[in-house]
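Trainee: Could you show me how to read a few features of a protein model, step by step?

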Amino acid sequence: MAEANQNGIFRVEGLVAGYGKKQVLNGVSLEVEGGEVVALIGHNGAGKSTLLKAVFGMIPIWQGEVYWDGVKRRKPTPREMLHAGAAYVPQGNRVFTDLSVRENLEMGGITLPTKQAVREGMERVFGLFPALKERLKQRAGTLSGGEKQMLALGNALILAPRLLLLDEPSLGLAPPLVSQALGRVQQISKDSHKTVVIVEQKVREVLKIARRVYVLRMGRVSFAGPADALKDESRLREVYL
C-alpha cells in the first residue's frame with residue numbers, strides 16, 4: 001500500500017460515518033491512484049453517497065482517516081477540501097435554477113482569488129462544454145437534463161480540481177444521454193489527468209469508463225478490483241447481488 005505522504009493518491013482507511021445515531025459506513029477502506037477513474041457501485045443504501053459526503057466534509061467522520069494530497073485529513077471540511085484541490089458534485093446535477101449559466105459558473109468560482117481566474121476557469125469549462133457558452137444568459141432551470149449535467153460539472157471544473165467526487169452524474173438523464181455523460185467524465189480524466197471517484201447506478205455503463213471498482217454492501221467493501229473483472233455478467237451478479 002502507498003505511503004500516506006505520497007501526493008496524488010486519495011485514500012480512505014477504516015471510515016465509519018452515518019446520520020444522527022444511524023451508522024451507514026462500517027469501516028470502509030479504499031485507495032485511488034492519481035489520474036484514475038474508480039467507480040463505487042452497490043445497491044441503494046449501501047453507503048456510496050454517504051462515503052463521498054464524509055470524505056468531502058459534508059457529514060462528520062466518526063472513525064477512520066482520509067488522506068489526500070499527502071495530508072491526513074481526520075475531520076475534513078468542504079472549504080479545506082476545495083482548497084486542497086478536490087471538488088464534489090452531488091447527485092441530481094444540482095444547479096442554481098433561477099440564475100443564468102454565467103451566474104452559476106461565477107458562483108462555482110467564488111473561491112477563486114481574482115476575476116481573471118474566474119474568466120480563465122470559465123474558458124476551460126467552455127473548452128469542454130462549448131454548448132454552455134452559447135447559453136450564458138439562459139436561466140439554468142430552462143436547460144435540458146444533459147445541459148444541466150454539463151453545468152453541474154462545469155461548476156466544479158471551474159476550480160481546476162485534481163480530485164473529482166461525482167455522485168450519480170447520470171441521474172435524471174434520458175437513457176441515450178447516459179453513455180455520453182459518462183464518456184465526458186472519462187475524457188475529462190484522460191485529458192487533464194484528474195482523479196475521479198464516481199458513484200453510479202448505471203453499473204454496466206460506468207464499468208466501461210472505470211479502471212477499478214469498489215462494490216459496497218451494507219456499508220462495507222465487498223469487492224475491490226479491476227473493472228474488467230466485472231464485465232462478465234455472472235461475475236457481476238455474484239459480487240453485486
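Mentor: Let us begin with one pair of residues: R11 stands opposite Y67 in β4. This is a predicted model, in which local features need pLDDT of at least 70 and side-chain atom pairs count only at pLDDT 80 or more, while totals for chains, interfaces and linings use all residues. Residues are numbered from 1 along each chain as its sequence is written, and side-chain values use heavy atoms, leaving out hydrogens and water.

Trainee: How many bridges join β1 to β4?

Mentor: Two strands (DSSP runs of E, at least two residues) pair if DSSP finds at least two bridges between them. Here five bridges join β1 (residues 10–19) to β4 (residues 61–68), and these strands run antiparallel. Strand β4 is also joined antiparallel to β5 (residues 71–73), by three bridges, and V66 has R73 in β5 as its bridge partner. Two residues lie between β4 and β5 in their hairpin, where D69 in the turn has a positive phi of about 60°.

Trainee: At what angle do α6 and α7 pack?

Mentor: Two packed helices are described by the angle between their axes and the distance between the axes. Helices α6 (residues 145–157) and α7 (residues 175–192) pack at about 20°, with axes 11 Å apart, and are therefore roughly parallel (angles under 35 degrees). Among the residues in contact (heavy atoms within 4.5 Å) are L153 of α6 and I188 of α7.

Trainee: Which residues of α9 are buried?

Mentor: Buried means under 20% relative accessible area, with a 1.4 Å probe and protein chains only; in α9 (residues 233–240), L236, V239 and Y240 are buried. They cover an arc of only 90° around the axis, which puts them on the same side of α9.

Note on methods. Buried means under 20% relative accessible area, exposed over 50%, partly exposed in between (1.4 Å probe, protein chains only). Helices (H or I, at least four residues) and strands (E, at least two) are DSSP runs, numbered from the N terminus. The arc is that of the directions from the helix axis to the C-beta atoms. Axes are lines fitted to C-alpha atoms, for helices over the stretch in contact, and angles run from 0 to 180 degrees between N-to-C directions. Angles under 35 degrees count as roughly parallel, over 145 as roughly antiparallel, 65 to 115 as roughly perpendicular and the rest as oblique.
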